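Student: Please pick one spot on the surface and take a close look at it with me. After that, just keep going through whatever else is worth pointing out.

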Amino acid sequence: MPKLGESIMEATILKWLKKEGDTVQLDEAVLEIATDKVDSEVPTPFAGTITKILFNEGDVVQIGKAIAIIEATGTGNSTIQPTAENVVQQEVKVEAPKEQVNSVKVETTQPISGDRFYSPLVLNIAREEGISMSELERIPGTGKDDRVTKADILTYLQNKGTQQVAKTEAPQVQTPVVQEKTTTVVQTASISGGNEIVEMDRMRKLIADHMVMSKKTSPHVTSYVEVDMSAIVEWRNRNKTKFEKREGQKITFTPIFIEALAKAIKDFPGINVSVDGYNITYKKDINIGMAAALPTGNLIVPVIKNADRMNLVGLTAAVNDFATRARANKLKPDDIQDGTFTLTNVGSFGSLMGTPIINQPQVAILAVGAIKKKPVVLETAHGDVIAIRHMMFMSMSYDHRVVDGMLGGSFLKRVADYLEGFDTEREI
């Protein structure tokens, strides 16, 4: 299973495009996988014949683990062998009677087993929630080889909270009363005929887990500033037709926002970091993600790499390319990796402002609101006047573990200064 990003530890096999016995060429796609970021095809690094498929469709596989065996063309016996651990696990599943398998599962839930695999995310959630290793090992897992997934531990925490409330609030009364209360709870769980329950799709489930994890990981603080966008609006209106004729594409406000962000990040490198425990990693590259809508209504964040090294024409081309490919579900895994800061445009939906959730493992995210005309008091050499201006709110959520109010507020104000100081005489 290939590595698809620094924060991605596992991937789900959606579909095998080849079967055992099929011949494959170098770099030919053999399966489709999904992560919490994007769906992707995986090409084979070898030419040859697939002799063994080690995981089924729907299985969640750890990054770096063997998923198939390919016999190289012309070698006869040059085969990439699975580890002994994989072979033993498969033999137990195929050959053991049902009763034996059940007994093995019971044994692995005992606190004395110390060889069960846990992903870093599961361990982090357990640590945040105060779950001991002995308690963690008693949680039944639905992942591959009974691994505990994010969904398993979150379900356990939810049920644990419900059980604790029940123990605290439920009076110790006679059995008939308990039965009556149980019946009432079942009845209140029913829905009327006009309601419909729809299960989340796979990406929405992953987004939900990622958002919950972010709020559990980072203490969020949000700061706001209002920006006078009048100069930029006037400049864009004056140049957009000429730009479209020359470049064959439209120029939006997004590349202008990204340009200002890249400049401000250079001024305040403490905003371009990630956190690992008590260690802070300062990122040398300025890679700005832009939230884009998918046809399903879900959001994805393609990343403009080295945004500080691009001019406005290059940023416009990158923004339009990502937006077009996101709508067509054509983004690649590399397109959504290695972001160091995220921009989201809540104004495109008509919102004046928002309180965005940090895109882990980053430490800040900026939201731009709708640009609206409003009366504003302006200071002039001849006194204060009231004028109609194009105004916009910006809000930035940041991780208060490493970004305090001074850094967060100063950075946000610097972005506003760059936007308000936009050179209206510049050529594009």
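Tutor: Let's start with methionine 353, which is partly exposed at a relative accessible area of 38%. On that scale, buried means under 20% relative accessible area, exposed means over 50%, and partly exposed is whatever falls in between, using a 1.4 Å probe and protein chains only. Before going on, keep in mind that this is a predicted model: local features need pLDDT of at least 70, side-chain atom pairs count only at pLDDT 80 or more, and totals for chains, interfaces and linings use all residues. Residues are numbered from 1 along each chain as its sequence is written, and side-chain values use heavy atoms, with hydrogens and water left out.

Back to the methionine. Methionine 353 sits in the loop between strand 15 (341–345) and strand 16 (364–368). Strands here are DSSP runs of E, at least two residues long, and helices are runs of H or I, at least four long, both numbered from the N terminus. Together with Tyr224 and Leu352, Met353 makes a nonpolar surface patch of about 290 Å². To get into a patch, a residue needs over 30% relative accessible area and no salt bridge; nonpolar side chains (Val, Leu, Ile, Met, Phe, Trp, Tyr) are then joined within 5 Å, and like charges within 9 Å. The areas come from the Shrake-Rupley method with a 1.4 Å probe, and for residues only the protein chains shown count as cover. While you're in that loop, look at proline 361, which is also between strand 15 and strand 16. The peptide bond leading into proline 361 from glutamine 360 is cis, with omega near 5°.

Now for the backbone around strand 15 on its other side, where the salt bridges come in. A salt bridge here is a side-chain nitrogen of Lys or Arg within 4 Å of a carboxyl oxygen of Asp or Glu, and the whole structure has 18 of them. Aspartate 334 pairs with lysine 305, their closest N and O atoms being 3.8 Å apart. Because aspartate 334 lies in the loop between helix 10 (312–327) and strand 15, and lysine 305 in the loop between strand 14 (303–304) and helix 10, the pair ties together parts that are 29 residues apart in sequence. Both partners are partly exposed, aspartate 334 at 48% and lysine 305 at 26%. Asparagine 306 shares the loop between strand 14 and helix 10, and it has a positive phi of about 50° although it is not a glycine. At 22% relative accessibility, asparagine 306 counts as partly exposed too. There's also a network of salt bridges linking Asp321, Arg325 and Asp335.

Jump to the N-terminal end of the numbering and you'll meet another pair. Lysine 18 bridges to glutamate 28, with 2.7 Å between the closest N and O atoms. Lysine 18 is in the loop between strand 1 (10–16) and strand 2 (23–24), and glutamate 28 is in the loop between strand 2 and strand 3 (29–34), so the pair ties together parts 10 residues apart in sequence. Glutamate 28 is partly exposed at 24%. Aspartate 27 lies in the loop between strand 2 and strand 3 as well; it is exposed at 55% and has a positive phi of about 70° although it is not a glycine. For contrast, try alanine 34 in strand 3, which counts as buried at 2%. Its C-alpha is 6.5 Å from that of isoleucine 13, though the two are 21 residues apart in sequence.

Last stop, the inside. What counts as a cavity is a set of points on a 1 Å grid over the protein atoms alone where a 1.4 Å probe fits but cannot get out, and lining residues have an atom within 4 Å of a point. Grid points are joined across faces, edges and corners, and the volume is the space filled by probe spheres set on them. That gives 2 cavities of 30 Å³ or more. The second largest holds about 40 Å³, and its lining is Asn124, Ile125, Glu128, Glu129, Met213, Lys216 and Thr217. Helix 3 (120–129) and helix 7 (202–217) are the elements that give two or more residues to this lining, with helix 3 giving the most, 4 residues.

Terms used
1 Å grid on protein atoms, 1.4 Å probe; cavity = no way out; pocket = protein on both sides within 12 Å on 5 of 7 lines; lining within 4 Å.
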